[in-house]
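Visitor: I should like to learn how to read the architecture of this model. Where should one begin?

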Amino acid sequence: MAAAFDGVSSPRFSAKLASHGIRALIRKSPRTIQVNVGKLCNQACHHCHVDAGPRRTERMTRASAERVIEVLAASHCVETLDITGGAPELNANFAKLVERARALDRRVIVRCNLTVTLEPGMEWLVEFYRRTSVELVCSLPCYTAENTDRQRGIGVFDKSIAALRNLNAAGFGRGALKLDLVYNPVGASLPPPQAELEAQYRDQLARNFGIVFDRLLTITNMPIARFANQLSAGGNHSAYMSLLVNHFNPATVDALMCRDLVSVGWDGRLYDCDFNQMLEIPLGANAGSTIWDVEDVGELAGARIATGSHCFGCTAGAGSSCGGAIA
């Protein structure tokens with residue numbers, strides 16, 4: 001279910017900002033380019049806002065990937081290339097994106113679902129991660145098999161644990177090589193406090209499986225695509241939106257990820273964030289722009305950010321972003 005959208009902002013979200021004396025969202029100088037290289041994935045999770053899965057065919061082309069690197073090289077304000085999907089590793093251009101961004105001395109984040117590292121033909125991934133010193137952000141909805149498999153599919157938890165052990169053995173989560181985990185609620189609720197849940201994850205994973213990691217990031221399920229359909233099918237969409245609206249936290253607004261991020265779709269189109277991308281809400285400034293229409297994403301600093309009702313998901317409670325809780 002798409003959010004109400006008037007071309008620049010959701011009246012409902014704008015009104016909430018105004019009620020707290022907060023002006024419309026304006027982008028700062030971009031520090032991150034986040035690239036969704038496609039919707040192909042070896043999993044089909046219930047909460048997925050990308051609606052990714054094994055049968056999806058949307059994939060970033062070599063020309064688009066090369067253009068991303070050209071713009072990254074020209075955008076001196078950008079410190080980080082954040083690569084996501086689907087399972088980004090399944091894109092034929094994934095390795096080149098990582099290697100060329102690292103050659104430019106940019107920080108590279110890879111959003112990994114863990115189980116892709118165990119797929120046939122993907123045995124090279126863990127060593128590639130290690131050699132290129134990427135920062136891994138890996139999905140693990142719970143430290144128990146029951147909750148993880150309920151959200152991600154039968155057997156996913158055991159495979160995820162095996163993948164984490166392989167990553168630990170390669171040095172991830174043990175010092176210089178970063179390994180963060182991601183928690184999403186199994187149902188229609190807000191995440192618990194991030195620090196408290198991280199302590200539980202750390203204890204349970206170490207005690208039961210000998211696994212270590214750097215940080216746990218809690219991310220609110222967004223009422224987009226597959227999760228929105230799940231809410232609607234259960235008659236819970238309105239209740240969930242009310243939960244998000246009623247827990248709006250003005251302290252989250254200044255640190256929203258859209259403030260210093262530009263999102264690039266698999267087809268090269270530009271968006272204000274990955275969630276707007278999935279709802280096909282155009283860039284707030286220069287709507288319809290593509291990666292070929294900009295030379296330096298620094299040009300987008302000072303531009304209005306497009307919002308929708310889904311933005312309540314990033315501003316509810318402790319807040320939520322690709323980097324976890326905000327407040």
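Guide: One begins with the sheet. In this predicted model, eight strands form an open sheet in the order 6-5-4-3-2-1-7-8, and the pairing is mixed.

Visitor: Which strands are the edge strands?

Guide: Strand 6 (215-218) and strand 8 (270-271) are the edge strands, each pairing on one side only.

Visitor: How many bridges join strand 1 to strand 2?

Guide: Strand 1 (residues 32-36) and strand 2 (residues 80-84) run parallel and are joined by five bridges. Within this pair, threonine 32 has threonine 80 of strand 2 as its bridge partner.

Visitor: With which strands does strand 4 pair?

Guide: Strand 4 (residues 135-139) pairs with strand 3 (residues 107-112) in the parallel sense, over four bridges. The bridge partner of isoleucine 109 is glutamate 135 in strand 4. Strand 4 also pairs with strand 5 (residues 179-183), again in the parallel sense and over four bridges. Here cysteine 138 has leucine 181 of strand 5 as its bridge partner.

Visitor: Is strand 4 mostly covered or mostly exposed?

Guide: As a general idea, side chains in a regular strand alternate between the two faces of the sheet. In the present case, strand 4 is mostly covered, with four of its five residues buried.

Visitor: What is the handedness of the β-α-β unit that strand 3 and strand 4 make with helix 4?

Guide: The unit made by strand 3, helix 4 (residues 125-132) and strand 4 is right-handed.

Visitor: Let us turn to helices that lie across the sheet. Which strands does helix 2 lie across?

Guide: Helix 2 (residues 62-74) lies across strand 1, strand 2 and strand 7 (261-264), and runs at about 175 degrees to strand 1. Helix 7 (residues 194-209) lies across strand 5 and strand 6, running at about 130 degrees to strand 6.

Visitor: At roughly what angle do the axes of helix 6 and helix 7 cross?

Guide: The axes of helix 6 (residues 156-169) and helix 7 come within 12 Å and cross at roughly 85 degrees. Angles of 65 to 115 degrees count as roughly perpendicular, and helix 6 is therefore roughly perpendicular to helix 7. At the contact, Phe157, Ile161 and Arg165 of helix 6 meet Leu205, Asn208 and Phe209 of helix 7. By class, this contact has four nonpolar residues, one polar and one charged.

Visitor: The loops remain. Which residue between helix 3 and strand 3 should one examine?

Guide: One may examine aspartate 105, in the loop between helix 3 (94-103) and strand 3. Its phi is near 65 degrees, a positive value in a residue other than glycine. Aspartate 105 is exposed, with a relative accessible area of 66%.

Visitor: What is the phi of serine 133?

Guide: Phi of serine 133 is near 55 degrees, again a positive value in a residue other than glycine. Serine 133 lies in the loop between helix 4 and strand 4. This residue counts as partly exposed, at 34% relative accessibility.

Visitor: Is threonine 115 buried or exposed?

Guide: A residue counts as buried under 20% relative accessible area. Threonine 115 has a relative accessible area of 3%, so this residue is buried. Threonine 115 lies in the loop between strand 3 and helix 4.

Visitor: Which residues does threonine 115 touch?

Guide: Leaving aside residues up to four places away in sequence, threonine 115 touches Asn42, Gln43, Val156, Lys159 and Ser160. Val156, Lys159 and Ser160 fall within helix 6 (residues 156-169).

How values were computed: Residues are numbered from 1 along each chain as its sequence is written. This is a predicted model: local features need pLDDT of at least 70, side-chain atom pairs count only at pLDDT 80 or more; totals for chains, interfaces and linings use all residues. Side-chain values use heavy atoms; hydrogens and water are left out. Buried means under 20% relative accessible area, exposed over 50%, partly exposed in between (1.4 Å probe, protein chains only). Helices (H or I, at least four residues) and strands (E, at least two) are DSSP runs, numbered from the N terminus. Two strands pair if DSSP finds at least two bridges between them. A crossover is right-handed if, with the strands pointing away from the viewer, the path from the first strand over the helix to the second runs clockwise. Axes are lines fitted to C-alpha atoms, for helices over the stretch in contact, and angles run from 0 to 180 degrees between N-to-C directions. Angles under 35 degrees count as roughly parallel, over 145 as roughly antiparallel, 65 to 115 as roughly perpendicular and the rest as oblique. Contact means heavy atoms within 4.5 Å. Ala, Val, Leu, Ile, Met, Phe, Trp, Tyr, Cys and Pro count as nonpolar, Asp, Glu, Lys and Arg as charged, and the others, Gly among them, as polar.
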